[in-house]
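Visitor: I have a new model open in front of me and would like to learn how to read it. Could you walk me through it?

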Amino acid sequence: MGQDEMVRELIVVEKLTKNVNDNHLHEIFGAYGHIKDLDMPLNKQFMANRGIAYILYSDVADAEAAIAHMHEAQLDGVIIHVSVVKIAAYEVKIVLIAVA
């Protein structure tokens, strides 16, 4: 797998406000299909999200539906960006091992 290839079940949600938490994303993005894993990195100093989240769906069609419906949608008063994650092969293995 080359550096420009994608894991089509893994999406990234960007431009999240500090008010958004895991439960919000599970509720909103869970409407498009089964979420296998959700990672929202925290700024440990402020205990708030970093404005980004990664969502791994069980099915490619679910990820595509989430992107189609939520890209440039408004969440907590801000326009969010939702897209497929482009990652290198070694990063794919790390993500998939962590989820398994």
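Guide: Gladly! Let us begin with the order of the elements: from the N terminus on, the protein chain runs β-α-β-β-β-β-α-β-β-β-α. That makes three helices and eight strands. Please keep in mind that this is a predicted model.

Visitor: How many of the residues count as buried?

Guide: Of the 100 residues in the protein chain, 36% count as buried. As for the surface, the protein chain exposes about 6,100 Å², and carbon and sulfur atoms supply 51% of that area.

Visitor: And how do I read the contacts along the sequence?

Guide: Look at how far apart the partners are. Among contacts between residues at least 6 apart in sequence, 67% join residues at least 24 apart.

Visitor: Which residues have the most contacts inside the largest nonpolar core?

Guide: They are I11, L16, L25 and F29, in a core of 20 residues. Two or more residues each come from β1, α1, β2 (35-39), β5 (52-57) and α2 (60-70). The most come from α2, which gives four. Another core, of five residues, lies apart from this one and includes L10, I52, L56 and V85.

Visitor: Let me take one of those residues. Is L16 buried or exposed?

Guide: L16 counts as buried because its relative accessibility is 7%, and the cut-off for buried is under 20%. This residue sits in the loop between β1 (6-14) and α1 (22-29). Beyond its neighbours within four places in sequence, L16 touches L25, M40, N49, G51, I52, A53, L75 and I80. The last of these, I80, is 64 residues away along the chain, yet the C-alpha atoms of L16 and I80 are 6.5 Å apart.

Visitor: What does F29 contact, leaving aside its neighbours within four places in sequence?

Guide: F29 is in contact with I11, V13, I35, I55, Y57, A66, M70, I80 and V82.

Visitor: Now a helix, please. Why do the buried residues of α2 line one face?

Guide: The general idea first: an α-helix has 3.6 residues a turn, so residues three or four places apart point the same way. In α2 the buried residues are D62, A63, A66, I67 and M70. Seen down the axis of α2, they fall within an arc of 135 degrees, so they line one face of the helix. The face turned away from that buried side carries the exposed residues A68 and H69.

Visitor: What should I look for at the ends of α2?

Guide: At its start, a side-chain oxygen of D59 comes to within 2.7 Å of the backbone nitrogen of A61. Just after α2, E72 has a positive phi of about 65 degrees.

Conventions: Residues numbered from 1 in each chain as written. Predicted model: local features only at pLDDT ≥ 70, side-chain atom pairs only at ≥ 80, totals over all residues. Heavy atoms only, no water. Buried < 20%, exposed > 50% of the residue type's maximum accessible area, 1.4 Å probe, protein only. Contact = heavy atoms within 4.5 Å. Areas by Shrake-Rupley, 256 points an atom, 1.4 Å probe, with all protein chains shown as cover. Core = buried A, V, L, I, M, F, W, Y, C linked by side-chain atoms within 4.5 Å. Arc of directions from axis to C-beta. Polar contact = N/O pair within 3.5 Å; in protein donor to acceptor, adjacent residues only side chain to side chain.
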